[in-house]
Amino acid sequence: MEDAFRFADAFGPTRIIHIYRPTMEMKAIVVVDNTSCGPAIGGVRMALDVSLEECIRLARAMTWKNAAAGLPHGGAKSVIFGDPRMHAAAKEQLIRSFASALRDVTDYIPGPDMGTNEHCMAWIKDETGRAVGLPGVVGGIPLDEIGATGFGLAACVDVAGEFIGLDLQGARVVIQGFGAVGRHAARFLAKKGVILVGASDTSGTLADASGLDIDKLIALKQAGRALRDHDKGAKLSSDAIIDIDCDIWIPAARPDVVRADNVSRLRTRLVPQGANIPFTLEAEQALHARGVLVVPDFIANAGGVICAAIEFRGGTQHQAFDHIDERIRANTRAVLEESRRDKALPRAAALALAERQVRIAMQMRRWH
Ligand code: NAD
């Protein structure tokens with residue numbers, strides 16, 4: 001018994017669902033963390049190296065993210081073990097089979113995450129009647145196509161930059177992971193005068209102190225190619241992205257990429273966390289002690305889920321952008337002010353904000 005509940009604490013997880021279909025070797029885990037604020041929204045991640053612990057931590061991050069954003073939704077996450085680049089027909093089979101097991105999990109609304117996209121969400125909605133991040137033709141706001149999370153990150157950088165006296169005109173940004181989050185963050189920041197001096201994907205790192213051409217890199221990725229195929233800039237290993245000197249360093253790929261053992265290599269002033277749980281707590285503490293401002297994931301990257309929640313209610317893309325801008329600016333400011341006042345880690349201030357919301361909601365519910 002104890003083993004099954006080793007992750008349980010004062011907030012959840014309320015349910016951990018293990019899905020296994022031996023005939024097609026489909027293995028997945030769904031974690032519904034806390035639904036006090038409403039039905040949980042959380043992404044479906046497909047990768048070969050996902051784990052139960054990662055899923056639990058990501059589900060909790062969604063509880064905090066949704067609560068901090070003032071959304072009437074709890075937090076959840078699911079992971080499917082598999083290579084997201086598998087053949088499209090096999091992927092559809094796998095996703096539909098996963099979704100069919102979720103028909104009765106009515107307090108979980110799946111959304112896209114690494115390795116899944118709007119088409120996957122359309123299959124899930126077809127099987128279960130619920131999903132967000134859908135294609136436009138079935139009522140979705142294509143959040144990755146319009147760059148909802150990258151737009152929110154840029155709003156966060158605006159506020160946090162002002163906080164540390166960083167002029168965005170000519171500021172240098174480095175982005176780890178040039179996917180849905182990373183490439184749009186680069187695009188929206190460029191509109192504020194920020195220069196992209198380094199970017200990475202699984203193929204490696206591309207660096208150029210004089211600035212990379214964002215549109216060309218986006219076109220390259222959209223053509224299914226790798227950043228290292230670009231004809232300009234220095235080609236380095238994936239890990240070398242940590243060493244590039246910059247003013248803003250955006251993690252937009254995997255969890256725990258900056259840890260106690262490599263945090264000393266990071267040379268930057270501001271880290272708005274695009275990815276979920278990208279740094280360990282030790283790394284955030286070390287950066288705080290060095291005066292590097294880290295805006296925690298569930299404040300900085302809430303743009304996607306705000307957009308999803310607006311979609312769920314039948315809202316428009318325009319309303320989603322307005323809401324993201326307003327909410328992320330207000331939250332970034334509130335967290336940074338509280339952190340400065342209490343001399344606390346921004347994550348501690350952000351957690352206090354989110355926990356307050358969840359505790360209030362829990363008091364209003366019978367079984368929470
Ligand atoms: P994505 O699959 O579109 O892009 C991920 C990118 O990261 C790809 O370019 C991939 O090549 C790269 N990558 C993977 N491993 C890497 C590594 N070790 N080093 C360098 N690059 C690597 O995924 P996404 O939707 O952009 O999500 C990225 C992160 O942001 C995830 O942590 C996700 O949970 C988080 N997030 C996404 C959204 C959203 O709206 N999509 C919202 C909030 C948070």
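Student: In which loop is Lys 343 found?

Tutor: This is a predicted model. In it, Lys 343 is found in the loop between helix H11 (317-342) and helix H12 (346-363).

Student: What sign does phi have at Lys 343?

Tutor: Phi is positive there, about 50 degrees, although Lys 343 is not a glycine. A second such residue is Glu 25, with a positive phi of about 55 degrees, and Glu 25 is not a glycine either. Glu 25 lies in the loop between E1 and strand E2 (26-34).

Student: Is Lys 343 buried or exposed?

Tutor: A residue counts as exposed when its relative accessible area is over 50%. Lys 343 has 74%, so it is exposed. Glu 25 has 66%, so it is exposed as well.

Student: Which residues does the cis peptide bond join?

Tutor: The cis bond joins Gly 12 and Pro 13, with omega about -5 degrees. Pro 13 sits in the segment before strand E1 (15-21).

Student: Next, the strands. How do side chains point along a regular strand?

Tutor: In a regular strand they alternate between the two faces of the sheet.

Student: Why is E7 described as largely enclosed?

Tutor: Buried means a relative accessible area under 20%. Of the 7 residues of E7, 6 are buried, so the rest of the structure largely encloses this strand.

Student: In which sense does E7 pair with strand E6?

Tutor: Strand E6 (residues 172-176) and E7 pair in the parallel sense, over 5 bridges. Gln 176 stands opposite Ser 200 in E7. Together, E6, H6 and E7 make a β-α-β unit, and this unit is right-handed.

Student: And in which sense do E7 and E8 run, parallel or antiparallel?

Tutor: E7 and strand E8 (residues 204-207) run antiparallel and are joined by 4 bridges. One pair of bridge partners is Ala 199 with Leu 206 in E8.

Student: How many residues lie between E7 and E8 in the hairpin?

Tutor: The hairpin formed by E7 and E8 has 2 residues between the strands.

Student: What does the side chain of Thr 205 reach?

Tutor: Thr 205 lies in strand E8. The side chain of Thr 205 reaches the backbone oxygen of Ser 237 at 2.7 Å. A polar atom of that side chain also lies 3.2 Å from the backbone oxygen of Ser 238.

Student: Is Thr 205 buried or exposed?

Tutor: Thr 205 has a relative accessible area of 3%, so it is buried.

Student: Now the ligand. Which residues come nearest to the ligand?

Tutor: There are 23 residues around the ligand, and those that come nearest are Arg 45, Asp 113, Thr 149, Val 181 and Ala 253. By class, the shell has 8 nonpolar, 9 polar and 6 charged residues.

Student: Which atom of Asp 113 lies 2.8 Å from an oxygen atom of the ligand?

Tutor: For Asp 113 it is a polar side-chain atom. Val 181 instead has a polar backbone atom 2.9 Å from an oxygen atom of the ligand. For Phe 178, a backbone N or O atom lies 3.4 Å from an oxygen atom of the ligand.

Student: How much of the ligand's accessible area does the protein cover?

Tutor: On its own the ligand has 830 Å² of accessible area, and the protein covers 83% of that.

Student: Which elements give two or more residues to the shell?

Tutor: They are helix H4 (143-146), helix H6 (180-190) and strand E7 (195-201). H6 and E7 are also parts of the right-handed β-α-β unit described earlier.

Methods
Residues numbered from 1 in each chain as written. Predicted model: local features only at pLDDT ≥ 70, side-chain atom pairs only at ≥ 80, totals over all residues. Heavy atoms only, no water. Near = heavy atom within 4 Å. Polar contact = N/O pair within 3.5 Å; in protein donor to acceptor, adjacent residues only side chain to side chain. Areas by Shrake-Rupley, 256 points an atom, 1.4 Å probe, with all protein chains shown as cover. Nonpolar A, V, L, I, M, F, W, Y, C, P; charged D, E, K, R; others polar. Buried < 20%, exposed > 50% of the residue type's maximum accessible area, 1.4 Å probe, protein only. Pairing = 2+ DSSP bridges. Right-handed = clockwise from strand over helix to strand, strands pointing away.
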